[in-house]
Amino acid sequence: MSCIEVGWFDKLAAGPRSLASLAQDADLEVAAARRLARAAASLELLELRADAGVALGSLGAALVGDPGITAMARHHEMLYADMAKPLALLRGERDHTALGEFWGYATSDAPDQLAAARVAAYSRLMAASQPMIAEQVLAAYDFSKHRHLLDVGGGTGAFVGAVRARYPDLEYTVFDLPGVVAGIDATSDAAPNVAPGSFRSDPLPRGADLISLVRIVHDHDDDVVLGLLRRVREALPDHGTLVIAEPMAGIAGAEPIGDAYFGFYLLAMGSGRARTRDEIDGLLKQCGFGPSRWHATPIPMICSVISTCPI
Ligand SMILES: C[S@@+](CC[C@H](N)C(=O)[O-])C[C@H]1O[C@@H](n2cnc3c(N)ncnc32)[C@H](O)[C@@H]1O
């Protein structure tokens, strides 16, 4: 996060620099800049050259030009603050957290009342980080057999925008909180249909043969998810399909994301948990859906994809 704040990755994208010039740009003593550079090099973010120059490391290079990773890293300032006392989180002793404040819907009894200004920061973060999610979903799922996609909790439309770029002939609708969909530019030719509402209290619009829940289920406790899945079932025709895409727990090789990272992130946020596929299947079954089908993604650490149909 410090390297991002002082802009080192962007500066080094043009080529290696001396530690002294990086120190000066960052307003750091050379010794402090060396400490930061060595720490970053140990994480493969930077590379220290024999001539005392500093270059991008392999992971630093991946960060350059991806505003999504940068935005996610920056927002972790809130997670670090909340994680100062993890046991206090586990014991339920924190009645206010930075992440709970940021994700207003996680702690609000009436999320549909959240003003546009209150949801703008998380909506920007979601739009910035959505390309890496859409890339996984598009690699895993074939949308061509569908006619109309309703993206529930679709934010300001970044996911449907990415799907539309690949499948221009589908119809697209985004359902999200009123304060969030207010951020969609409805005048653009590529704008989706927009449906404001709360899936905790409102029915979902009908007419789509495919409904997607992208980074939604893990945000909520079981009672909210059950209510949401029942609304999805009501809105879907019998031949319809539900796609769920999010980081899941118990994925071979990606266990730390589900259990360590999201385990504590969502605890700090105030609701939800990363679930295993079996746990999601259990909730789906209670709401009239059959067992899920697995759609392998290239990087399951970022996102897993399952689909299911009404039974
Ligand atoms: C983690 S974000 C994911 C956004 C988007 N699907 C994506 O992956 O970029 C969760 C989204 O769910 C929406 N949301 C939360 N509670 C909601 C509710 N009760 N009704 C409708 N949308 C809700 C939020 O406003 C937010 O846009």
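Student: Which residue in β5 is the bridge partner of D151?

Tutor: Keep in mind that we're reading a predicted model. As a general idea, the strands of a sheet pair through backbone hydrogen bonds, in either a parallel or an antiparallel way. Here, D151 has V174 as its bridge partner in β5. At H148, the residue standing opposite in β5 is E171. Overall, β4 (residues 148-152) and β5 (residues 171-176) run parallel and are joined by 5 bridges.

Student: How does the chain get from β4 to β5, and what is the handedness of that crossover?

Tutor: The route goes from β4 through α11 to β5, and this β-α-β crossover is right-handed.

Student: Which residue in β7 does D151 stand opposite?

Tutor: That's S212. β4 and β7 (residues 210-214) are a parallel pair with 4 bridges. So much for pairing; now look at burial. Of the 5 residues of β4, 4 are buried, so the strand is mostly covered, given that buried here asks for 20 or more other C-beta atoms within 10 Å.

Student: What is the strand order of the sheet that holds β4?

Tutor: Read across, the order is β6-β5-β4-β7-β8-β10-β9: an open sheet of 7 strands with mixed pairing. Its edge strands are β6 (193-196) and β9 (293-295), each of which pairs on one side only. On average, neighbouring strands in this sheet are turned by 20 degrees against each other, with direction ignored.

Student: Which strands of this sheet does α11 touch?

Tutor: The general point about helices first: an α-helix has 3.6 residues a turn, so residues three or four places apart point the same way. In this model, α11 packs on the sheet and touches β4, β5 and β7, its direction making about 155 degrees with that of β4. The buried residues in α11 are A158, F159, V160, G161 and V163. They pack against those strands and also against α10.

Student: Where do α10 and α11 come up again, around the ligand?

Tutor: Both α10 (116-140) and α11 (158-166) give two or more residues to the shell around the ligand. α10 gives the most, with 4 residues. The shell has 21 residues, and those that come nearest are Y105, M126, G153, S198 and R215.

Student: How many residues of that shell are nonpolar, polar and charged?

Tutor: The split is 12 nonpolar, 5 polar and 4 charged.

Student: There's another sheet too. What is its strand order, and why do β1 and β2 each have a side without a neighbour?

Tutor: That one is an open, antiparallel sheet of 3 strands, ordered β1-β3-β2. β1 (17-18) and β2 (46-48) are at the edges with a single partner strand each, so one side of each has no neighbour in the sheet. Between β1 and β3 (residues 53-56) there are 2 bridges, in the antiparallel sense; R17 has V54 as its bridge partner in β3. Helix α4 (residues 30-42) lies across β2 and β3, at about 115 degrees to β2.

Student: Last one: is A252 buried or exposed?

Tutor: Exposed, because A252 has 6 C-beta neighbours inside 10 Å, and the cut-off for exposed is 12 or fewer. You'll find A252 in the loop between β8 (241-246) and α14 (255-269). Try locating A208 as well: A252 and A208 are 44 residues apart in sequence, and their C-alpha atoms are 33 Å apart in space.

Note on methods:
Residues numbered from 1 in each chain as written. Predicted model: local features only at pLDDT ≥ 70, side-chain atom pairs only at ≥ 80, totals over all residues. Near = placed C-beta within 6 Å. Nonpolar A, V, L, I, M, F, W, Y, C, P; charged D, E, K, R; others polar. Pairing = 2+ DSSP bridges. Right-handed = clockwise from strand over helix to strand, strands pointing away. Contact = placed C-beta atoms within 7 Å. Axes fitted to C-alpha atoms, helices over the stretch in contact; angles between N-to-C directions.
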